[in-house]
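Here are some notes for a first reading, set out as numbered points. Please keep the structure open while going through them.

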Protein chains: 2
Amino acid sequence: MAITLKDIAEKTNCSVSTVSRVLNNKSKEFRISEETERLIIETARKLNYRPNELARGLRLKKSHTIGLVVPDISNPFFAYVSHLIQRYAYNSGYSLILCNTDEDIELEIQQIELLRRKGVDGYIILPVGTKQEHINELLTHNKPLVLLDRIFHDMNTNAVVVDNRKGAYQAVKHLIDNGHKRIAIIQGLRNTSTNNARLGGYVDALKDNSIPIDERLMVGNDFRKENGYIETKLLLKIEEPPTAIFTTSDLITLGTLQAIAEEGKTIPKDVSIVAFDDIDYAPYLMAPLTSVRQPRDLMGQIAVKLLIDDIESTGTSKKEKLVLDPKLILRKSVFNLYSHKDEFSAVYSGY
Amino acid sequence: MAITLKDIAEKTNCSVSTVSRVLNNKSKEFRISEETERLIIETARKLNYRPNELARGLRLKKSHTIGLVVPDISNPFFAYVSHLIQRYAYNSGYSLILCNTDEDIELEIQQIELLRRKGVDGYIILPVGTKQEHINELLTHNKPLVLLDRIFHDMNTNAVVVDNRKGAYQAVKHLIDNGHKRIAIIQGLRNTSTNNARLGGYVDALKDNSIPIDERLMVGNDFRKENGYIETKLLLKIEEPPTAIFTTSDLITLGTLQAIAEEGKTIPKDVSIVAFDDIDYAPYLMAPLTSVRQPRDLMGQIAVKLLIDDIESTGTSKKEKLVLDPKLILRKSVFNLYSHKDEFSAVYSGY
DNA sequence: CATCCCAGCACAAAGGTTTGTGCTAAAAAT
DNA sequence: ATTTTTAGCACAAACCTTTGTGCTGGGATG
């Protein structure tokens with residue numbers, strides 16, 4: 001079927017090894033005559049030879065493939081980062097095997113297992129975050145690996161994350177500065193580094209401003225839309241409802257928007273919102289969203305660079321933990337309770 | 001390093017072939033004693049044996065991998081479809097190699113070439129659409145393949161698309177029904193099946209209602225945000241500006257929204273919009289978007305099913321071309337010029 | 001007792017590469 | 001004329017599986 005080195009060898013009356021060397025640009029190194037070289041290259045082109053990467057990978061113990069494990073590629077934030085990762089990886093000569101975990105830790109374990117069988121050269125993982133033995137396993141076997149977005153603090157590995165605590169702190173502080181005291185947080189998946197840090201920033205900001213912590217305002221348990229929808233519905237019905245909600249992911253925000261629309265409330269008049277993940281549509285929503293923007297361009301790029309450095313240094317490269325700064329983008333989803341006007345800083349960020 | 005069949009064979013004093021057969025559940029078929037079977041399975045488990053899929057793939061001529069070629073995974077529509085594809089593929093035992101073409105035909109050709117080298121078992125391609133020889137090449141070599149979203153009409157292959165002409169027709173008809181006569185279309189990449197069909201629907205709707213075609217209102221040339229932004233800016237400045245814009249992709253819409261916001265106009269009062277691709281955020285935008293929804297859940301699922309049927313039938317399965325129906329979702333981005341009120345049909349679709 | 005059968009496994013090839021080593025013939029050196 | 005060098009390439013192993021075929025020893029059969 002497919003053309004192999006052997007076919008070329010037969011056509012040219014050379015040995016397979018000679019053909020291989022010529023096609024791998026090792027003609028000089030092995031003193032192969034220019035005539036032979038030309039002949040081989042020519043017939044390879046004519047036969048439309050295509051190296052079999054499986055065979056190469058087997059022999060070379062290198063697949064030129066990296067595994068990308070994300071919770072949910074349909075989440076715009078992950079989709080954006082994945083796009084960049086794909087591009088940088090491709091430009092560096094690597095393909096990407098895409099795995100969705102759907103925030104299911106068992107699925108994550110399975111998918112990583114599969115990636116090992118496939119012999120990927122390295123892993124970029126946005127872990128679910130509730131278990132880590134399987135990832136430790138990779139590390140003890142010296143598999144090149146970089147953690148992205150979420151992190152395990154006690155793990156010695158490459159990682160690229162945003163300073164979630166700082167981002168959350170800024171978000172909540174901004175609400176406080178605008179006079180809000182009943183501030184709710186809709187959390188993502190509990191006990192993930194991301195959620196812990198965002199929750200931490202929330203709590204810190206309240207404490208620093210002597211605002212009592214109210215457990216009833218600290219709701220939610222995963223990063224999806226439904227979570228945002230349900231929790232917002234409930235929040236709007238409690239006794240002393242919040243005047244502001246801090247939503248900790250773009251999908252949560254989507255659910256929150258839906259709930260607010262359904263209840264006939266308006267943003268920011270009835271309820272203020274600060275979101276995490278500054279999606280592209282944020283400026284053009286019902287109320288242009290004030291939100292915490294992650295440096296998503298950098299994240300993908302750095303992750304790939306760290307990973308490929310690790311792969312190609314064969315274990316000699318230092319592990320780096322990079323913490324990037326988030327940035328609060330002010331728009332119009334926060335009501336200023338002091339001036340009774342829209343956002344005190346009316347800087348319109350058109351993205 | 002990694003445990004191989006050979007290692008297990010040595011530990012158990014069996015031959016490699018016996019180990020292979022046991023681990024592939026062929027003990028009975030090859031009359032291997034239960035004792036040996038247990039021993040092998042046990043030590044495989046103890047040593048944490050992991051089959052090398054590269055070697056398997058080489059031997060079996062099957063990689064259990066499919067190549068997914070998309071124009072841009074960061075586009076929410078493609079991201080959503082990709083997520084589904086990944087899930088169905090995984091559940092059927094296939095991994096996904098993800099390729100972005102960035103709407104660049106040369107990149108598409110390169111990526112497909114690479115996929116062939118990697119020995120993928122099949123392809124799901126959302127082609128750029130400006131060249132097709134490289135895809136024909138795959139077909140003549142009997143590679144399982146399904147085209148998604150965009151199509152080549154003269155190509156005998158599996159394909160899943162939406163009826164773009166009908167969707168566009170409905171969209172424009174809806175504008176006409178609301179009294180609009182100056183209707184612009186911002187096109188995507190010219191000469192792609194998708195764009196041709198959407199443009200066709202636009203033209204048909206105008207003709208059927210005796211509205212003259214105005215070339216100045218038929219602008220745009222790719223599916224990205226920047227295109228929507230620039231063209232909208234220009235459209236708003238021409239002599240007799242349009243009262244309505246039909247945007248032919250979600251990213252174009254995003255750019256259009258940005259331009260309209262910048263110009264200080266409001267939707268739908270100053271300009272009406274009907275969009276293609278009903279993104280999740282559509283109901284919660286500045287003006288809840290009236291838009292054409294594609295059956296994106298079905299598209300991914302069907303594509304995977306067609307492909308895997310083709311792969312596993314080894315060429316005996318018929319090629320299917322499926323055309324799915326789009327649906328116009330009415331919200332509030334169209335101004336009724338007759339009644340001077342918001343959308344005559346005020347059905348609010350909360351998605 | 002000789003023959004046959006069959007359970008139970010091993011051998012080796014094949015799949016397409018890469019690569020260390022070895023071989024041959026011609027050219028150069030002595 | 002004999003030895004040494006070197007250009008130019010071939011051989012075979014190795015990577016890890018899978019699989020067609022063949023081998024062996026013990027029990028049953030005649």
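1. Start with A:T36 and the phosphate of DNA strand D: a polar side-chain atom of this residue lies 2.5 Å from a phosphate oxygen of the strand. A:S33 also reaches a phosphate oxygen of DNA strand D, at 2.7 Å, but with a backbone N or O atom. Bear in mind that this is a predicted model.

2. A:S17 meets another part of the DNA. A polar side-chain atom of A:S17 is placed 2.9 Å from a base nitrogen of DNA strand D.

3. Around DNA strand D there are 30 residues, and those that come nearest are A:S15, A:T36, B:R21, B:R56 and B:R59. Of the strand's atoms that come within 4 Å of the protein, 56% belong to sugar and phosphate.

4. Which elements supply the surface near DNA strand D? In chain A, α2 (16-23) and α4 each give at least two residues, and in chain B, α2 (16-23) and α4 (53-60) do so too. Sorted by class, this surface has ten nonpolar, eleven polar and nine charged residues.

5. Now the contact between the two protein chains. Chain A puts in 55 residues and chain B 56 residues. The size of an interface is often given as the accessible area lost when the parts come together. Here about 5100 Å² is buried between chain A and chain B, with carbon and sulfur atoms giving 59% of that area. On the side of chain A, the residues that lose the most area to chain B are A:L54, A:Y281 and A:Y284, which together make up 16% of what that side buries.

6. The interface also has polar and charged pairings. Between chain A and chain B, 34 residue pairs are in polar contact, counting pairs with both residues at pLDDT 80 or more. Four salt bridges cross the interface. In a salt bridge between B:R87 and A:D102, the N to O distance is 3.3 Å.

7. Which elements of chain A touch chain B? Those giving two or more residues are α4 (53-60), α5 (76-91), β2 (95-100), α6 (105-117) and α11 (250-262). The largest share, eight residues, comes from α5(A). By class, this side of chain A holds 26 nonpolar, 16 polar and 13 charged residues.

8. Finally, look at the strands that pair across the two chains. β2(A) and strand β2 (residues 95-100) of chain B run antiparallel and are joined by three bridges. In this pairing, A:L98 stands opposite B:L96 of β2(B).

Notes:
Residues numbered from 1 in each chain as written. Chains lettered and ligands numbered in written order. Predicted model: local features only at pLDDT ≥ 70, side-chain atom pairs only at ≥ 80, totals over all residues. Heavy atoms only, no water. Contact = heavy atoms within 4.5 Å. Buried area = accessible area lost by both parts, 1.4 Å probe. Salt bridge = Lys/Arg side-chain N within 4 Å of Asp/Glu carboxyl O. Polar contact = N/O pair within 3.5 Å; in protein donor to acceptor, adjacent residues only side chain to side chain. Helix = DSSP H or I, 4+ residues; strand = E, 2+ residues; numbered from the N terminus. Nonpolar A, V, L, I, M, F, W, Y, C, P; charged D, E, K, R; others polar. Pairing = 2+ DSSP bridges. Near = heavy atom within 4 Å.
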